[in-house]
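Here is a short set of exercises to work through with the model open beside you. Try each task before you read its solution.

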Amino acid sequence: MKEAGRERILRAALELFGRDGVAGTTLSGLRAASGVSVGSFYHHFSGKEQVAEALFVESIGMYQDAFLAELKARDGAREAVTSVVAFHVRWCREHPDRARFMFTERPAGSEGLAERNGAFFREVRSWWRVQARHGALLDVDAVTAFVLWLGPAQELCRLWLNGQCPEPDGGQVGSLSEAAWRSVGGAHGD
């Protein structure tokens, strides 16, 4: 079965945006790399900014769905916190082009992204509040929770994806997972 035009455009965009950035990618280059006609391109997107937004929403959706699956697969707060740190690094390793794109090309004012993020963060906050109520996690706001939980792992992945350090290894992931737990575990953490 032939790949649909929209998917071909997004696949080409991931490669071109990853190499040249959104600003450095021309619309004609994107269209040529995707192999779609002008009419087909404009049937799916009004410009490269809309392609970037769609690619970002698709990528963040993949990440968030896998994040929630990892979170729900864990029984206790400690296991969930440490497993999600390892998941974050693993996801970036498995999807380096998408992760690099998400770290560097965040769309402004995307309705699709706002909806997706709203649903994702409601679910994570709900889980966090239950854990905090039982003393397993610190009772902190969402931003502080994210920074303490995933900030170091995210920065390690960002450095690696930008070529500033080697690919993260198991020892680093283990250290960051335990550091995250020490940062967010509550008085009655399991």
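## Warm-up: the overall fold

Of the contacts in the protein (heavy atoms within 4.5 Å) that link residues at least 6 apart in sequence, 70% join residues at least 24 apart. This is a predicted model, in which local features need pLDDT of at least 70 and side-chain atom pairs count only at pLDDT 80 or more, while totals for chains, interfaces and linings use all residues. Residues are numbered from 1 along each chain as its sequence is written, and side-chain values use heavy atoms, with hydrogens and water left out.

**Exercise 1.** Describe the secondary structure and the extent of the protein.

Step 1. Take helices and strands as DSSP runs numbered from the N terminus (helices are H or I with at least four residues, strands are E with at least two). The protein then has nine helices and zero strands.

Step 2. Read along the sequence, the pattern is α-α-α-α-α-α-α-α-α.

Step 3. Along the principal axes, the C-alpha atoms fill a box of roughly 60 × 35 × 30 Å.

Step 4. For burial, use relative accessible area: buried is under 20%, exposed is over 50%, and partly exposed is in between (1.4 Å probe, protein chains only). Buried residues account for 43% of the 190 residues in the protein.

## Domains and core

**Exercise 2.** Find the domains, then work out where the largest nonpolar core lies relative to them.

Step 1. The domain assignment gives domain 1 (1-45) and domain 2 (48-184); such bounds come from an automatic or database domain assignment.

Step 2. The centres of domain 1 and domain 2, taken over C-alpha atoms, are 28 Å apart. Their contact takes 14 residues from domain 1 and eleven residues from domain 2.

Step 3. A nonpolar core is a set of buried Ala, Val, Leu, Ile, Met, Phe, Trp, Tyr and Cys residues joined through side-chain atoms within 4.5 Å. The largest one has 55 residues, and Phe17, Val51, Phe67 and Trp149 have the most contacts inside it.

Step 4. Among the helices that each supply at least two residues of this core are helix 1 (5-24), helix 4 (48-72) and helix 8 (142-161). Helix 4 gives the most, with eleven residues.

Step 5. Both domain 1 (1-45) and domain 2 (48-184) give residues to this core, so it lies between them.

**Exercise 3.** Which residues does Phe17 contact, leaving aside its neighbours within four places in sequence?

Step 1. The list is Val22, Thr25, Leu30, Lys48, Val51, Ala52, Leu55 and Phe101.

Step 2. Follow Lys48, which is found in helix 4. With 15% relative accessibility, Lys48 counts as buried.

Step 3. Under the same sequence exclusion, Lys48 is in contact with Phe17, Val22, Ala23, Thr25, Leu27, Leu30 and Phe41.

Step 4. Look for a polar contact (a pair of N or O atoms within 3.5 Å; within protein, one must be able to donate a hydrogen and the other to accept it, and residues adjacent in sequence count only if both atoms are side-chain atoms). A polar atom of the Lys48 side chain lies 2.9 Å from the backbone oxygen of Val22.

## Ser59 and the cysteines

**Exercise 4.** Is Ser59 buried or exposed, and what does its side chain make a polar contact with?

Step 1. Ser59 lies in helix 4 and counts as buried, at 0% relative accessibility.

Step 2. Not counting residues up to four places away in sequence, Ser59 touches Trp91, Arg98 and Met102.

Step 3. The polar contact of the Ser59 side chain is with the side chain of Arg98, at 2.8 Å.

**Exercise 5.** How many disulfides does the structure hold?

Step 1. A disulfide is a pair of cysteine sulfur atoms within 2.5 Å.

Step 2. For Cys92, the closest cysteine sulfur is in Cys157 at 3.8 Å, too far for a bond. Cys92 is buried, with a relative accessible area of 2%.

Step 3. Cys165 is in no disulfide, and the nearest cysteine sulfur, that of Cys157, is 8.6 Å away. Cys165 counts as partly exposed, at 23% relative accessibility.

Step 4. The structure holds zero disulfides.
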